[in-house]
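Hi,

Here is the structure I promised to send over. Have a look at it first, and my notes follow right below.

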Amino acid sequence: MPMKIDIGKIRNIGLAAHIDAGKTTTTERILFYSGKSHRMGEVDHGDTTMDWMEQEKERGITITSAATTVFWRDHRINIIDTPGHVDFTIEVERAMRVLDGVVAIFCAVGGVEPQSETVWRQADYYRVPRLAYVNKMDRIGADYDRAVKMLVDRLGANPIPINFPVGSGPEFMGLIDLIGMRNYEFSEQDLGATVTETDIPDEFMEEAKSRREFMLERLADFDDDLMEKFLSGKEIPIDQIKHVLRNATIACKAVPVMCGSSFKNKGVQRLLDSVCDFLPAPSELPPVEGIDPKTEKKQKRSASIEEPFSALAFKIATDPYVGRLTYFRVYSGRVQVGDTILDIPSGKRERIQRILQMHANKREELKEIMAGNIAAAVGLRNTVTGSTLCDQKHPIQLESLQFPEPVIYIAIEPKTKADLDKLTDALDRLADEDPTFKVKVDEETGQTIISGMGELHLEVLIERMKREFKIEANVGKPQVAYKETITTESTAEGKFIRQSGGRGQYGHVICRFEPHEGEERFIFRNELKPGVIPKEYIPYIEDGLKGAMESGPIAGYPVIRVKAALIDGSYHEEDSSPLAYKIAGSLAFQNGIRKGTPKLLEPHMKVEVVVPEEHLGDVVGDLKSRRGQITGINPRADAQVVDAEVPLSEMFGYSTQLRNLSRGRAIYTMEFLRFDFAAEEIYKKYVANF
């Protein structure tokens with residue numbers, strides 16, 4: 001297959017969904033039918049291509065977003081298979097930033113589940129066009145129409161079903177395409193590789209006509225010519241239906257919906273057809289926007305090889321054979337092996353030593369990579385997740401990635417002193433790969449503290465440390481990562497003056513601090529009158545303010561949700577220095593936070609429990625006893641779904657308790673919701689120790 005393929009035939013897609021909706025199984029089928037692999041891996045057997053880490057095979061879940069490339073109908077499809085577990089939500093977030101389309105996979109029994117909502121919101125934020133694939137139609141309790149209705153009720157989507165199932169549960173036989181009005185059956189003799197297209201059976205014709213009419217009625221909203229033909233009863237050409245649906249999908253105004261059973265090898269080829277038919281090529285999307293780092297003027301780059309090179313690094317990984325790998329999406333231009341490029345955040349030049357096309361954890365060497373493609377580079381030492389890579393003569397800074405604050409932490413120490421350096425190196429490399437994994441040393445105790453997005457998140461990283469880096473460590477109990485903030489406005493001074501003969505140090509600032517409710521942890525504004533403090537010192541004042549946020553006045557937890565304005569100060573022509581202003585900024589922050597009525601914040605989690613009716617009362621009572629607020633109870637085909645908001649501190653050990661309450665029949669998912677003011681008992685229980 002030639003590497004240089006028309007950019008209009010490229011699709012950069014991700015598969016995303018709730019845990020256990022069948023993403024990895026679907027990817028395995030895609031690899032098989034496209035000829036990329038010659039056998040099917042099964043999650044249950046631990047032999048899938050995309051889940052190649054040992055923990056992924058053991059747990060049957062996807063942890064890292066694996067990348068691969070397949071070819072279908074002369075199209076090149078770059079696929080990222082993302083995790084479904086909420087602890088690894090950053091993997092979904094960073095994949096979403098560089099994708100042009102998403103296949104959202106839903107279970108035909110469970111429908112829209114909590115992580116599905118999270119993924120959908122992320123896709124909304126980045127305006128990524130979507131297809132919906134209702135999987136597991138072979139399961140008892142499968143209900144295609146109910147799953148489609150949930151897309152409207154829970155996600156506010158505009159789903160347009162383009163096929164429907166022939167039978168459901170064990171009776172699921174195949175599907176009927178509403179665009180071409182054809183019946184598709186999938187041979188069980190060759191694992192579904194042979195697809196037979198036939199006329200629609202008589203017993204399904206009336207239903208097919210009714211559903212097609214509904215589809216066309218919805219599409220008529222997007223095109224006047226189609227509406228005219230529909231209202232006058234004229235035949236609408238298949239190409240016109242596809243064209244209108246494609247435009248509506250790319251504009252994020254409609255979501256084509258398909259059904260199938262990946263495990264039973266039914267429907268995956270039609271899903272691939274829809275990826276080619278309805279999801280956009282890089283050239284069909286608006287130019288990517290950024291700013292010139294020198295002039296701060298807005299710039300645009302279109303997906304053309306004629307434009308200067310620009311790319312976004314969205315993932316760092318450590319490969320046992322080639323070392324540090326940087327995954328990047330090329331937005332414009334091209335880059336070749338041996339080229340020297342600019343890494344914007346560090347301001348340093350980087351040389352591309354090798355370019356690799358990744359297939360899960362296997363690789364193929366490339367000489368160059370062009371606009372619209374995804375690849376991995378070897379040799380980038382300073383690049384981090386979210387870095388912009390660009391042509392040295394035409395610098396541009398693309399929008400980076402925002403990472404959530406950790407909500408849980410654990411103390412860790414090596415079992416032997418000889419392992420101390422190895423532990424530090426291993427943790428640094430893991431933190432390099434995962435921006436939501438933080439490592440710091442407690443200055444008072446000397447302990448190494450690691451923090452992340454949940455118990456499973458840290459558990460997996462500790463296992464990786466033991467297996468990949470061969471380090472044995474003593475691990476403490478998980479603790480809640482509280483935060484601190486201010487609740488009232490305050491003004492404070494920071495003054496650092498030292499005179500010790502000869503040149504001294506002089507830094508003096510006055511800042512105003514206010515609470516803010518936005519997502520950003522810290523907002524800084526310079527409101528100084530010209531000439532009060534030379535502008536070259538301002539960045540150092542901001543650095544000092546930021547540095548002081550790591551330890552709050554109540555219990556030493558990091559400070560968030562603060563808006564700081566530099567309003568006054570003074571300088572000394574001889575003694576003022578960057579260090580003096582950095583320290584002055586830090587002192588002003590410490591003083592201002594103490595005066596701003598500081599409060600402790602605790603993480604609250606969104607919890608969903610799926611529980612049989614007979615155990616509902618026990619589960620609800622238990623959640624309330626954990627300071628939980630029940631936000632909804634909804635019936636499902638075979639159970640009740642309880643939605644609740646619960647402080648994280650009350651959720652440790654919940655999986656064991658839930659098993660006991662439901663005799664092992666209930667399941668739950670939990671994801672971070674927000675930081676809220678801590679209850680009085682939290683102050684007494686935790687803060688009293690500091």
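N526 stands opposite L566 in β34. That strand, residues 562-570, runs parallel to β33 (residues 522-526), and five bridges join the two. Together with helix α12 (residues 538-548), β33 and β34 make a left-handed β-α-β unit. Before you go further, please keep in mind that this is a predicted model.

Just past β33 there is a salt bridge between the side chains of E527 and R512, at 3.1 Å from N to O. E527 lies in the loop between β33 and α12 while R512 belongs to strand β32 (residues 505-515), so the pair ties together parts that are 15 residues apart in sequence. R512 counts as buried at 17% relative accessibility, whereas E527, at 34%, is partly exposed.

Now to another sheet. Four strands form an open sheet in the order β7-β8-β9-β10, with antiparallel pairing. Its edges are β7 (163-166) and β10, each of which pairs on one side only. On average, neighbouring strands here are turned by 25 degrees against each other, direction ignored. Inside the sheet, four bridges join β8 (residues 174-177) to β9 (residues 182-186), and G174 stands opposite E185 in β9.

Helix α9 (residues 268-278) lies across β8, β9 and β10, at about 125 degrees to β9. A salt bridge also connects this helix with the sheet: D177 pairs with R270, with the closest N and O atoms 3.8 Å apart. D177 sits in strand β8 and R270 in helix α9, 93 residues apart, so to speak of distant parts of the chain is fair. D177 is buried, at 8% relative accessibility. Salt bridges that share partners join R73, D177, K242, R270, D273 and D277 into one network, and the structure holds 37 salt bridges.

What does D199 touch, leaving aside residues up to four places away in sequence? Its contacts are R182 and N183, and the side chains of D199 and R182 make a polar contact at 2.5 Å. D199 is found in the loop between β10 (195-198) and α6 (202-219), and is exposed, with a relative accessible area of 58%.

Helix α6 has a salt bridge of its own, between R211 and E207 (2.9 Å, N to O). These two residues are four apart, about one turn of the helix. R211 is buried at 18% relative accessible area, while E207 is partly exposed at 34%.

Best wishes

How values were computed. Residues numbered from 1 in each chain as written. Predicted model: local features only at pLDDT ≥ 70, side-chain atom pairs only at ≥ 80, totals over all residues. Heavy atoms only, no water. Buried < 20%, exposed > 50% of the residue type's maximum accessible area, 1.4 Å probe, protein only. Contact = heavy atoms within 4.5 Å. Polar contact = N/O pair within 3.5 Å; in protein donor to acceptor, adjacent residues only side chain to side chain. Pairing = 2+ DSSP bridges. Right-handed = clockwise from strand over helix to strand, strands pointing away. Axes fitted to C-alpha atoms, helices over the stretch in contact; angles between N-to-C directions. Salt bridge = Lys/Arg side-chain N within 4 Å of Asp/Glu carboxyl O.
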